[in-house]
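Here is a short report on a protein chain. Please look at the sequence and the model before reading on.

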Amino acid sequence: MNKLFFRILVLLMSLSLIGIILVQVFWFNSSFKNNEEQFKYHVTQVIGNVADKLEQQEEYSFYDKYNRIKDSTGKIPKKEDLLEVFYVQRNTKTNKTIVYSNTLTSEDYDINGSVFNKKFSSERFKNFSSKRVTEVYNNNNGIDNNSLGQSIIPDLKIEKSGSLDILNKVQQQIQYKDIASLTPIEGRITKDKLYKLLKKELEEYGVKTKFEFGIYSSGSPTKIKSDGFHYDKDATYTIPVYTDNEGNSRYELSVTFPHKKKFLLSELLSITILSIVFTLIIIVAYTSALNQLLRQKHISEIKTDFINNMTHEFKTPIATINLALDAIRSPKVIEDKEKVYRYLQMIRDENKRMHAQVENVLRISKLEKRELDITKEPTVVTDIIDDAIEHVNLILEDRQGTVEKHYNAARTTVLINEVHFTNVVVNILENAIKYSPDAPKIEIFTENVKDMILIKVKDHGLGMSKIAQKRVFEKFYREHTGDLHNVKGHGLGLAYVKRIVEDHNGQVYVESEKGKGSTFIIKIPLIN
């Protein structure tokens, strides 16, 4: 994959993910604000309805008291005409005259204000009624304007009368508000009654959360309040109650919702959880995809490196074999048996070297497919170590290296596969030789720790970084030391070591410091 394209792809994916998260956050904030506005609207409606009902109930209570007193007096009301209106219309086509009269009358039941409050003793409570008469005269009988006031019997007469409820209601409302305004708030409403009204209205509007309430008089709290009420500018809603005839009110009803935010969030809980889950799925999918892209890119680089190193590994032996064969074909050499044997040995060694490389690849392939047959038998581990040293002895002598053995373990019998475990130690020894720039100096230690035996292979070579120590047992991994091929290998040996040791219920790890060498430690359980 092109590096520029890969970077652009990662950038676009990252921007898309950030965009999705920002959209989710914006949606959540918008939904929360909308819920808050809706909540405010519903609460305003609720306390407005409660304020209206408080006034209506007080007004009905006043009317009921007034009507009971009026009915109990047994007095005949005194009537008084307040206003009389006449209207005359003559129709020339029909030759008829219509006379309409409306008389406004008040009925005084002699109930003064002292019944309700002694300060209203000069006031009177009255009812208003109206009498409406329509008379039709036929002008053919000699009716004219001068004769309308005389005792003439009309051809048609319609009479209607009744109480003027509107005037009565207005008059009584004015009187009720004047009287009620002088009554203390404790005499107008109780705490329990206010609580029931608020609860009923809130439930009807779907506001099912805890609330506290209180009534203020000219900015000061009154006794009409719930036990846990306190003012909170973000969660308290206020409306005037008990207005007077001038539209003013000295009382305010305040309702506080202590769990307002929790209630608003609960309404968004289900959709928010779904949103978070889907966002997390997208993040996981994106992270996984990005990880796979990086892994594929890394594997591509590793494969390229592996092919180059394998080519390099095979190129030298093949070239050596070709040179040896050409030398043997020379007439001067073919007669010299010593030289022929020498060149044949070189061919055999190089062939063996290539075969070992192929075997390494095949071993790893079989391990990956779980096809490697590992049969275990009780074996003395020091014998395996000695056998492995013999395998690398020629390479070690060629580099003028040495191996020092420190066998301190008293118990050394383990259940292992001799062939594979020998390959494990050989791979670690070859690694120690390979990464020693000078003459290799290797030390091998054994010791017992509880029911385990520890095998330590210590070199004084290049060492490795902390990052390399974490990845050194990964397949194809190699820590380069400058030039790509300055250290031969293809990163399969230690991956094989780790798999074999783990199949023996053991552990393998490395301790190293850059420039001071490395120590590979194998821990294998002993036979009890």
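The text below goes from the whole chain to salt bridges, a loop residue, a helix and a surface patch.

This is a predicted model, in which local features need pLDDT of at least 70, side-chain atom pairs count only at pLDDT 80 or more, and totals for chains, interfaces and linings use all residues. Residues are numbered from 1 along each chain as its sequence is written, and side-chain values use heavy atoms, with hydrogens and water left out.

**The chain as a whole**

The chain contains eleven helices and 15 strands. Both are DSSP runs numbered from the N terminus, helices being H or I with at least four residues and strands being E with at least two. Of the 528 residues in the chain, 38% are buried. Buried means under 20% relative accessible area, exposed means over 50%, and partly exposed lies in between (1.4 Å probe, protein chains only).

The chain exposes about 32500 Å², and carbon and sulfur atoms supply 53% of this area. Accessible areas come from the Shrake-Rupley method with a 1.4 Å probe; for residues, only the protein chains shown count as cover. Among contacts with a separation of 6 or more, 70% are between residues 24 or more positions apart. A contact means heavy atoms within 4.5 Å.

**Salt bridges**

Side chains of opposite charge can pair when their charged atoms come close. A salt bridge is a side-chain nitrogen of Lys or Arg within 4 Å of a carboxyl oxygen of Asp or Glu. The structure holds nine salt bridges, and the table lists three of them.

| Pair | Closest N to O | Relative accessible area |
|---|---|---|
| Arg-411 and Asp-451 | 3.8 Å | Arg-411 38%; Asp-451 42% |
| Glu-447 and Lys-456 | 3.3 Å | Glu-447 29%; Lys-456 24% |
| Glu-513 and Lys-516 | 3.5 Å | Glu-513 44%; Lys-516 57% |

What does the pair of Arg-411 and Asp-451 tie together? Arg-411 lies in the loop between strand S10 (402-407) and strand S11 (413-416), and Asp-451 in the loop between strand S12 (441-449) and strand S13 (452-458), so the salt bridge ties together parts that are 40 residues apart in sequence. Arg-411 is partly exposed, and Asp-451 is partly exposed as well. In the pair of Glu-513 and Lys-516, Glu-513 counts as partly exposed, whereas Lys-516 counts as exposed.

**A buried loop residue**

The loop between S10 and S11 also holds Thr-412. Is Thr-412 buried or exposed? With a relative accessible area of 16%, Thr-412 is buried. Leaving out residues up to four places away in sequence, Thr-412 touches Thr-379, Val-380, Val-381, Thr-382, Ile-453 and Leu-526.

**Helix H11**

Helix H11 spans residues 493-503; eight of its eleven residues are buried, so the helix is largely enclosed by the rest of the structure. The buried residues of H11 include Leu-494, Tyr-496, Arg-499 and Ile-500. After H11 comes Asn-505, which has a positive phi, near 60 degrees.

**A nonpolar surface patch**

Trp-27, Leu-269, Ile-271, Ile-273, Leu-274, Val-277, Phe-278 and Ile-281 form a nonpolar patch on the surface, with about 710 Å² of accessible area together. Patches are made of residues with over 30% relative accessible area and no salt bridge; like charges are joined within 9 Å, and nonpolar side chains (Val, Leu, Ile, Met, Phe, Trp, Tyr) within 5 Å. Helix H4 (residues 260-329) gives the most to this patch, with seven residues. Leu-274 is found in H4 and is partly exposed, at 43% relative accessibility.
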